[in-house]
Amino acid sequence: MGRYYNGDIEGKFWFAVQSSDAPERFGAFERGQEYIDYTIDRESLPEIIEEIKSIESNPKVQLLMKLCDEADTISITDAWKKEHGISREDLAEYADLTLGRKIRDFFESHPLNDYCEIQADL
C-alpha cells in the first residue's frame, strides 16, 4: 500500500519514510480534508531552489544520490542502511529532495503557470 500525490506533478511518497506533509517544506499550503490539497505559488521558487540546495549539501544525501545513480534498483533493508551508514532521516531527506526537484522542474517547464497543485493521499 502506498500514498500517492498527483496534480501538476505526480509520484508516490516513500513508504514509512516520507510524510504526506512533505510539500509544505517547499512552500505548499494545505487546502483539503479527505486528501491534502496543496498549492505552491511560483513566487516560492527561489525558496524552493534554496531548500533543494540545502538538502543536496547533506553528505548522506550526496551518498544516496551516488548510490541511486549507480544502481538500477536498491533494496533498502536495515542491513543496507547499516552498511552505508544511512538513517531513516537521511532517506526522508532524499525522498523530499526528489519531491522538491519535481516541483522546481514543473515551474521551469511551465513558465505560464503561477501555481503547482498537488493532491496527497492521507
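The following paragraphs describe the sheet, the helix packing, the nonpolar core and several individual residues of a predicted model.

The strands of the model form an open sheet of five, arranged in the order E2-E1-E5-E4-E3 with antiparallel pairing. Strand E2 (11-12) and strand E3 (29-30) occupy the edges, and each has a single partner strand, so that one side of each is left without a neighbour in the sheet. At the E2 edge, the pairing of E1 with E2 is antiparallel and extends over two bridges, with Tyr-4 placed opposite Lys-12 in E2. The connection from E1 to E2 is a hairpin through three residues. E1 also pairs with E5, again in the antiparallel sense, over three bridges, and within this pairing Gly-7 has Ile-118 of E5 as its bridge partner.

On the other side of the order, E4 and E5 are joined in the antiparallel sense over six bridges, with Asp-41 standing opposite Tyr-115 in E5. The edge strand E3 runs antiparallel to E4 and is joined to it by two bridges; the bridge partner of Phe-29 is Thr-39 in E4, while that of Glu-30 is Tyr-38, also in E4. Five of the six residues of E4 are buried, and this strand is therefore largely enclosed by the rest of the structure.

Helix H4 connects the description of the sheet with that of the helices, as H4 lies across strand E1 (4-7), E2, E4 and E5, and runs at about 145° to E5. Two packed helices are described by the angle between their axes and the distance between the axes. For helix H2 (residues 59-70) and helix H4 (residues 88-109), the axes come within 9 Å and cross at roughly 70°, which makes H2 roughly perpendicular to H4. On the H2 side, the contact is formed by Lys-60, Val-61, Leu-64, Met-65 and Cys-68, which meet Asp-90, Leu-91, Glu-93, Tyr-94, Leu-97 and Arg-101 on the H4 side. By residue class, the contact of H2 with H4 comprises seven nonpolar residues, no polar ones and four charged ones.

In soluble globular proteins, nonpolar side chains tend to be buried together. In the present model, the largest nonpolar core contains 31 residues, of which Ile-9, Ile-40, Ile-103, Phe-107 and Ile-118 touch the most other members. Two or more residues are given to this core by each of strand E4 (36-41), helix H1 (45-56), H2, H4 and strand E5 (115-120), and the largest share, eight residues, comes from H4. The surroundings of Ile-118 bring several of these parts together: with neighbours within four places in sequence left aside, Ile-118 is in contact with Tyr-5, Asn-6, Ile-9, Pro-23, Ile-36, Asp-37, Tyr-38, Ile-40 and Ile-103. Of these contacts, Ile-9, Ile-40 and Ile-103 are listed with Ile-118 itself among the core residues that touch the most other members.

Ala-120 is likewise placed in strand E5, and with a relative accessible area of 0% this residue is buried. When residues up to four places away in sequence are not counted, Ala-120 touches Tyr-4, Tyr-5, Phe-13, Ser-20, Tyr-35, Ile-36 and Tyr-38. The C-alpha atoms of Ala-120 and Leu-67 are 28 Å apart in space, and the two residues are separated by 53 residues in sequence.

The loop between E2 and E3 contains two further residues that can be described individually. Ala-16, which lies in this loop, has a phi near 60°, a positive value in a residue other than glycine. Val-17 is also situated in the loop between E2 and E3, yet it is buried, because its relative accessible area of 14% falls under the 20% cut-off. Apart from neighbours within four places in sequence, Val-17 is in contact with Arg-88, Leu-91 and Ala-92; one of these, Leu-91, also takes part in the contact of H4 with H2. Val-17 and Leu-63 are 46 residues apart in sequence, with a C-alpha to C-alpha distance of 17 Å.

How values were computed:
Residues are numbered from 1 along each chain as its sequence is written. This is a predicted model: local features need pLDDT of at least 70, side-chain atom pairs count only at pLDDT 80 or more; totals for chains, interfaces and linings use all residues. Side-chain values use heavy atoms; hydrogens and water are left out. Axes are lines fitted to C-alpha atoms, for helices over the stretch in contact, and angles run from 0 to 180 degrees between N-to-C directions. Helices (H or I, at least four residues) and strands (E, at least two) are DSSP runs, numbered from the N terminus. Angles under 35 degrees count as roughly parallel, over 145 as roughly antiparallel, 65 to 115 as roughly perpendicular and the rest as oblique. Contact means heavy atoms within 4.5 Å. Ala, Val, Leu, Ile, Met, Phe, Trp, Tyr, Cys and Pro count as nonpolar, Asp, Glu, Lys and Arg as charged, and the others, Gly among them, as polar. A nonpolar core is a set of buried Ala, Val, Leu, Ile, Met, Phe, Trp, Tyr and Cys residues joined through side-chain atoms within 4.5 Å. Buried means under 20% relative accessible area, exposed over 50%, partly exposed in between (1.4 Å probe, protein chains only). Two strands pair if DSSP finds at least two bridges between them.
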